[in-house]
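Dear colleague,

Here is the structure I promised to hand over, with its sequence. Once you have opened it, please read the notes below alongside it.

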Amino acid sequence: MSTYPPRNRWLVVLIGLCISHTHAQTYTWTTIAGTAGVSGSMDGTNSSALFNFPSGIARDAGGALYVTDTQNNTIRKLTASGGDWIVTTLAGMPKQRGSVDGTNEVARFNRPNGIAVGNDEALLIADTSNYTVRRLTPLGTNWTARTIAGSPGTSGSSDGNGAAASFLLPRGICASSTGAIVADTGNHSVRTLTPGDTDWVVQTISGGVPDFIDGLLAEAAFNSPLALTMNSDGGVYAADYGNHAIRFLSSLTGDGLVTTIAGDGTGGRVDGTGTNAQFNLPKGVALDSAGNLYVTEEGNHTVRRLSFAGGEWQVTTIGGLATQPGSADGAGTEARFTKPWGIVAEPSGILYVVDYGNHTIRKGVPSSGAPAQLAFVMNPAGLTLNWDSSLTNYALEVNTDLMRGSWKSLQSEVTLQSPSFTYTVTNFIPQTGFYRLKRL
């Protein structure tokens with residue numbers, strides 16, 4: 001607790017600053033499976049396992065990872081064991097393209113990309129070059145593949161049931177409470193899949209022609225959307241690859257709106273706020289439990305983070321260095337990636353990235369740096385609190401009576417004035433306030 005003398009006709013006021021978990025975070029990146037620059041198809045542990053241009057990744061509730069090994073035409077699983085990761089092949093035959101439904105190695109895929117874990121723990125797969133969506137269901141130790149929408153070898157944009165529906169190079173998929181959502185990349189559209197009595201029903205909800213238009217679902221346009229993720233409120237974030245932007249669909253119903261939350265439609269590598277930031281071919285998107293978004297970029301070879309505060313999305317680079325491909329492990333911009341693609345986040349913010357061009361799977365762990373300072377100054381406008389803008393998963397709270405009061409969030413009133421978050425205390429006299437940063 002600190003005591004301030006009156007200045008500019010202010011009364012003497014006591015301000016308590018309760019700071020909890022206030023550490024700036026960077027991300028430390030390590031390779032957990034595969035060997036950089038070496039392609040192949042081998043099950044094994046850590047670097048002894050080999051991939052061939054893997055692209056998509058998903059995580060189940062138990063922490064297992066699932067990867068679409070695109071050029072091997074297989075589906076792989078990564079299981080943590082102590083400090084190791086064990087890689088096994090669940091379905092498909094390495095380098096054998098096809099569209100056969102079946103169990104384990106009998107099944108055939110054709111350059112699968114997106115993958116998601118459904119509500120029933122079955123895997124949903126965008127089988128890109130078959131123009132279909134597949135479902136991989138566990139049965140004991142076996143996995144059975146079934147085509148649930150689209151017809152192998154038949155491209156198109158028709159809505160309908162099961163094989164009557166058609167896609168054009170679907171690449172992204174995420175699970176929803178009612179089924180799945182697909183980024184139908186070649187059709188520049190976002191589509192829903194809902195299980196029916198026997199077939200899955202496909203419906204186009206937005207897009208259809210390549211363009212960059214915000215608005216109602218029926219009016220909006222995308223340019224080769226590649227990845228999707230859904231929040232707890234039913235909103236969907238999309239990596240709009242051809243528009244170099246991150247888009248948000250507020251809902252999947254007719255009154256839903258599509259807005260651009262970051263990126264300006266031109267390729268670049270600028271960190272910043274909202275549409276002042278620039279991306280270069282975003283390919284993957286993931287969401288953590290605190291509402292932070294993570295994006296991988298093909299053109300910049302980086303991993304970016306989007307955090308919402310003060311009504312705006314702040315974009316920062318947390319892995320790799322723009323336009324510098326490579327395969328180095330390390331912290332933040334010391335790490336190097338080559339065309340990273342799929343990304344998934346643990347609720348805690350630990351990240352897993354498919355490093356497509358390096359044939360590897362990478363892990364990003366948020367690490368604490370030096371303690372951050374919650375600075376405060378008195379001025380004619382009031383009391384101003386400032387803290388580092390890297391503390392994106394913290395909320396400012398106030399309590400006017402520690403004995404009987406409760407903590408109240410002030411986060412909706414916080415503004416971003418880079419490189420700091422800022423809050424100005426108004427109606428300052430004569431009350432005492434205790435302020436803290438609380439981890440979300």
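Strands in these notes are DSSP runs of E that span at least two residues, and they are numbered from the N terminus. With that in mind, and remembering throughout that this is a predicted model, I would start at R336, which is found in the loop between β29 (330-331) and β30 (340-345).

Although R336 and G326 are 10 residues apart along the chain, their C-alpha atoms are separated by 4.7 Å. Leaving aside its neighbours within four places in sequence, R336 is in contact with L321, Q324, P325, G326, S327 and A328, and also with D355 and R362. R362 in turn lies over the face of F337, at 4.5 Å from the ring centre, and F337 belongs to a cluster that ring pairs form with Y27, W29 and Y294.

That brings me to the aromatic residues, since the structure holds 10 aromatic pairs. One of them joins Y27 and Y294 in an edge-to-face arrangement, 6.3 Å centre to centre and with 65° between the planes. Y27 lies in strand β3 (residues 23-33) and Y294 in strand β26 (residues 293-297), so this pair ties together parts that are 267 residues apart in sequence. Both partners count as buried, Y27 with a relative accessible area of 3% and Y294 at 0% relative accessibility.

W85 and Y352 make another such pair: their ring centres are 5.6 Å apart and their planes stand at 70°, and because planes over 60 degrees apart count as edge-to-face, the pair falls into that class. Here W85 comes from strand β8 (residues 84-91) and Y352 from strand β31 (residues 351-355), so once again the parts tied together are 267 residues apart in sequence. W85 is buried at 8% relative accessibility, and Y352 is buried too, with a relative accessible area of 2%.

A charge also sits over a ring elsewhere in the model, where the charged end of K283 is placed over the ring of Y356, 5.3 Å from its centre.

Finally, you may want to look at T273, which lies in strand β24 (residues 272-273). Is T273 buried or exposed? Its relative accessibility is 18%, and because buried means under 20%, T273 counts as buried. Not counting residues up to four places away in sequence, T273 touches E312, W313 and Q314, together with L416.

With best wishes

Conventions:
Residues numbered from 1 in each chain as written. Predicted model: local features only at pLDDT ≥ 70, side-chain atom pairs only at ≥ 80, totals over all residues. Heavy atoms only, no water. Helix = DSSP H or I, 4+ residues; strand = E, 2+ residues; numbered from the N terminus. Contact = heavy atoms within 4.5 Å. Phe/Tyr/Trp six-rings, centres within 6.5 Å; stacked < 30°, edge-to-face > 60°. Buried < 20%, exposed > 50% of the residue type's maximum accessible area, 1.4 Å probe, protein only. Lys NZ or Arg CZ within 6 Å of the ring centre and 35° of its normal.
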